[in-house]
2 protein chains.
Amino acid sequence: MATVRDVAERAGVSIATVSFVLNNTKPVTPATRDRVESAMAELGYHRNVLARALAARSTRIIALAHPRLDTGFGSEFITSASRAARARARGYHLVLWPVDNDGDEIGELVGQGLVDGVVLMEVLLEDARVDALSAAGTPFALIGRTADPAGFIHVDIDFEQSIAVALDHLQGLGHRPTVAAGRALRLPSRITAVIMMNELATFGVMTERVVPDDLSILYFGTPGLAAIANPQLTLMRAPAAILGGLGVDALIDHLETPGALPAPQLHPCTLEPGASTARPR
Amino acid sequence: MATVRDVAERAGVSIATVSFVLNNTKPVTPATRDRVESAMAELGYHRNVLARALAARSTRIIALAHPRLDTGFGSEFITSASRAARARARGYHLVLWPVDNDGDEIGELVGQGLVDGVVLMEVLLEDARVDALSAAGTPFALIGRTADPAGFIHVDIDFEQSIAVALDHLQGLGHRPTVAAGRALRLPSRITAVIMMNELATFGVMTERVVPDDLSILYFGTPGLAAIANPQLTLMRAPAAILGGLGVDALIDHLETPGALPAPQLHPCTLEPGASTARPR
DNA sequence: GGGTGGCGGTAAAACGGTTAACTTGGAGCC
DNA sequence: GGCTCCAAGTTAACCGTTTTACCGCCACCC
């Protein structure tokens with residue numbers, strides 16, 4: 001495989017010059033640039049990203065770290081996140097990295113110097129992974145929030161607007177707002193509709209009441225459960241790929257201008273009507 | 001971040017010695033090894049994989065390259081493939097890399113020296129990606145076969161055994177074997193059961209005949225279509241993750257002992273009964 | 001006509017490891 | 001006691017880039 005040295009020799013310049021045209025990092029006369037570029041073309045030169053990364057202290061690889069057990073992240077996810085962030089155009093590669101929830105594994109990952117930054121999915125209020133990343137000094141962005149997100153780059157669902165849309169939908173059907181049920185074990189029978197945010201609890205409620213005749217359910221989250229439930233759930237879909245894209249985008253911004261702390265971004269869920277919401281009886 | 005130099009200094013040895021204990025590549029007295037290891041522990045040393053890869057000409061990363069459009073490969077896939085191949089135990093990392101079917105993108109990928117080898121999914125009879133890999137001199141393994149697979153490391157479905165199982169299933173229901181229908185546009189009405197290997201054609205047949213009353217269908221492939229079809233298709237499931245694991249395994253064997261060409265491995269599909277096969281009328 | 005200031009280019013030192021070739025000290029043997 | 005041999009360590013070159021000094025040259029200006 002051809003190296004800068006080969007290219008330099010063929011073009012009759014020094015290897016530094018080759019590097020300058022490669023990275024557009026210092027002015028070069030059009031004539032010289034031409035000679036270098038044709039030398040590269042003739043030799044089929046590809047720059048060795050390892051050597052580049054080692055010398056420049058940057059791999060231009062961003063890891064999308066997601067919990068091992070979560071199967072919601074596949075190649076489609078990474079593709080759309082990458083597209084949303086225009087990552088390729090900005091010169092970054094995205095890789096999907098399943099990590100355990102304790103901080104160990106992620107600490108190891110970034111300790112090796114393989115990635116420039118990490119986008120952390122499914123962030124918990126108290127999150128060992130966040131601590132590990134902070135300790136390692138690796139740039140990172142959060143999808144979601146810790147208990148105290150100030151000072152961290154993060155993007156999240158716009159709960160306020162999403163709830164408003166959800167309420168609109170239910171009120172449009174004729175339901176009336178009331179005080180939130182919170183952790184109540186048993187749903188009072190006068191309740192005609194609920195907004196659920198937890199898979200298990202949703203299953204529980206569905207075995208207890210007839211949906212949607214007796215109770216309307218509007219489910220907040222990823223489509224996994226919603227699709228297989230019977231009746232199919234009306235869903236406020238969490239915009240996972242979009243949030244991934246926003247996170248990557250913010251992280252890259254931060255990498256390019258180290259001082260900056262991009263402002264948190266909020267993105268609403270989208271309503272996908274199913275068969276679990278209907279007019280109250 | 002600590003480097004070998006820091007470790008060497010703290011342990012009072014040369015950096016070469018540190019490298020030897022790191023890689024088990026030359027004998028070291030237990031006492032020295034101890035000193036080095038505790039120095040590493042005290043400094044929280046992680047070896048920089050970039051530098052290692054550059055110097056050793058090996059990244060120990062294997063790319064699982066799959067077609068862009070195929071959504072069947074997600075993080076679950078990579079996890080099970082990795083487990084099947086015991087890749088981690090053997091010191092390799094697997095990454096999922098979506099590439100276009102022309103050879104360009106894959107050529108670029110390997111030209112950069114980022115991966116030690118490639119496992120190519122969904123191989124076609126004539127495959128530009130195979131040509132690109134051969135030309136680049138990168139070690140690779142195929143899941144599937146090209147028209148002439150001799151000389152390539154490859155693993156595939158055990159069609160012979162799978163077909164035998166499929167026939168057994170159908171004959172058990174009372175169907176009788178006959179000459180294969182091949183490319184016939186319209187299925188003779190005396191045919192009571194078919195084995196299908198193509199999504200589109202399967203859809204076609206299902207609109208033409210009543211399944212399974214009038215015609216039994218046994219579908220060979222991935223569960224994508226089979227799951228959503230109505231009635232749910234009886235499926236010979238292609239063991240994608242297992243094949244991935246076998247491919248990775250064979251590739252690693254080859255990487256470790258460059259001369260060797262691991263023998264092709266065949267793995268049968270598994271029968272998953274659905275509602276599309278029944279006794280003939 | 002002698003500073004001065006760009007500009008286009010080069011030489012060489014990193015980056016953090018691996019590894020071939022060479023040293024050293026002590027045991028084994030006649 | 002001198003010779004060989006081996007095992008444990010060290011030195012230094014190298015992997016393929018980036019990047020910081022530095023250098024020579026020419027135009028410009030007073």
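Reader: Which helix of chain B does B:Asp6 lie in?

Author: In this predicted model, B:Asp6 belongs to helix α1 of chain B, residues 4-11.

Reader: What makes B:Asp6 partly exposed?

Author: B:Asp6 has 16 other C-beta atoms within 10 Å. A residue is buried at 20 or more and exposed at 12 or fewer. The count of 16 falls in between, so B:Asp6 is partly exposed.

Reader: How far apart are the C-alpha atoms of B:Asp6 and B:Leu246?

Author: The two C-alpha atoms are 41 Å apart, and the residues are 240 positions apart along the chain.

Reader: Where is B:Thr79, and is B:Thr79 buried, exposed or partly exposed?

Author: B:Thr79 sits in helix α5 of chain B, residues 75-84. B:Thr79 has 16 other C-beta atoms within 10 Å, which again lies between the limits of 12 and 20, so B:Thr79 is partly exposed. B:Leu94, 15 residues from B:Thr79 in sequence, is 8.7 Å away, C-alpha to C-alpha.

Reader: Why is B:Arg57 called exposed?

Author: B:Arg57 has 9 other C-beta atoms within 10 Å. The limit for exposed is 12 or fewer, so B:Arg57 is exposed. B:Arg57 lies in the loop between α4 and β1 (61-67) of chain B. Its phi is positive, about 55°, although B:Arg57 is not a glycine.

Reader: What is said of phi in B:Glu122, and where does B:Glu122 lie?

Author: B:Glu122 is a residue other than glycine with a positive phi, near 55°. B:Glu122 is in the loop between β3 (117-120) and α7 (128-136) of chain B. With 18 C-beta neighbours inside 10 Å, B:Glu122 is under the 20 needed for buried and over the 12 allowed for exposed, so B:Glu122 counts as partly exposed.

Reader: How do you know that the peptide bond from A:Val211 to A:Pro212 is cis?

Author: Omega of that bond is near 0°. A:Pro212 is in the loop between α9 (199-208) and β7 (216-221) of chain A. In chain B, a cis peptide bond joins B:Val211 and B:Pro212, with omega about 0°. B:Pro212 lies in the loop between α9 (199-208) and β7 (216-221) of chain B.

Reader: How many helices and strands does chain A have?

Author: Chain A has 11 helices and 10 strands.

Reader: Why is chain A called more spread out than a compact globule?

Author: The globule rule gives 19 Å for 281 residues, and the radius of gyration of chain A is 25 Å, well over that value, so chain A is more spread out than a compact globule. Along the principal axes, the C-alpha atoms of chain A fill a box of roughly 85 × 35 × 30 Å. Of the 281 residues of chain A, 34% count as buried.

Reader: What makes α1(A) roughly perpendicular to α2(A)?

Author: Helix α1 (residues 4-11) of chain A packs on α2(A) at an angle of about 105°, with 8 Å between the axes. Angles of 65 to 115 degrees count as roughly perpendicular, so α1(A) is roughly perpendicular to α2(A). A:Val4, A:Arg5, A:Val7 and A:Ala8 of α1(A) meet A:Ile15, A:Thr17, A:Val18 and A:Ser19 of α2(A). This contact has 5 nonpolar, 2 polar and 1 charged residues.

Reader: Why are α2(A) and α3(A) called roughly perpendicular?

Author: The axes of α2(A) and helix α3 (residues 30-43) of chain A cross at roughly 90° and come within 10 Å. An angle of roughly 90° is inside the range of 65 to 115 degrees, so α2(A) and α3(A) are roughly perpendicular. A:Thr17, A:Val18 and A:Val21 of α2(A) meet A:Thr32, A:Arg33, A:Val36 and A:Glu37 of α3(A). By class, 3 residues of this contact are nonpolar, 2 polar and 2 charged.

Reader: Which residues are closest to DNA strand D?

Author: The closest are A:Val4, A:Ser19, A:Ala55, B:Ala16 and B:Pro27, among 27 residues that surround the strand. Two or more residues come from each of α2 (15-23) and α4 (49-56) in chain A and α2 (15-23) and α4 (49-56) in chain B. The largest share, 6 residues, comes from α2(A).

Reader: Which element gives the most to the surface near DNA strand C?

Author: That element is α2(B), with 6 residues.

Definitions and conventions
Residues are numbered from 1 along each chain as its sequence is written. Chains are lettered from A and ligands numbered from 1 in the order in which they are written. This is a predicted model: local features need pLDDT of at least 70, side-chain atom pairs count only at pLDDT 80 or more; totals for chains, interfaces and linings use all residues. A residue is near a molecule or strand if its C-beta atom, placed from the backbone, lies within 6 Å of it. Helices (H or I, at least four residues) and strands (E, at least two) are DSSP runs, numbered from the N terminus. The radius of gyration is taken over C-alpha atoms; the globule rule is 2.2 Å times the number of residues to the power 0.38. Axes are lines fitted to C-alpha atoms, for helices over the stretch in contact, and angles run from 0 to 180 degrees between N-to-C directions. Angles under 35 degrees count as roughly parallel, over 145 as roughly antiparallel, 65 to 115 as roughly perpendicular and the rest as oblique. Two residues are in contact if their C-beta atoms, placed from the backbone, lie within 7 Å. Ala, Val, Leu, Ile, Met, Phe, Trp, Tyr, Cys and Pro count as nonpolar, Asp, Glu, Lys and Arg as charged, and the others, Gly among them, as polar.
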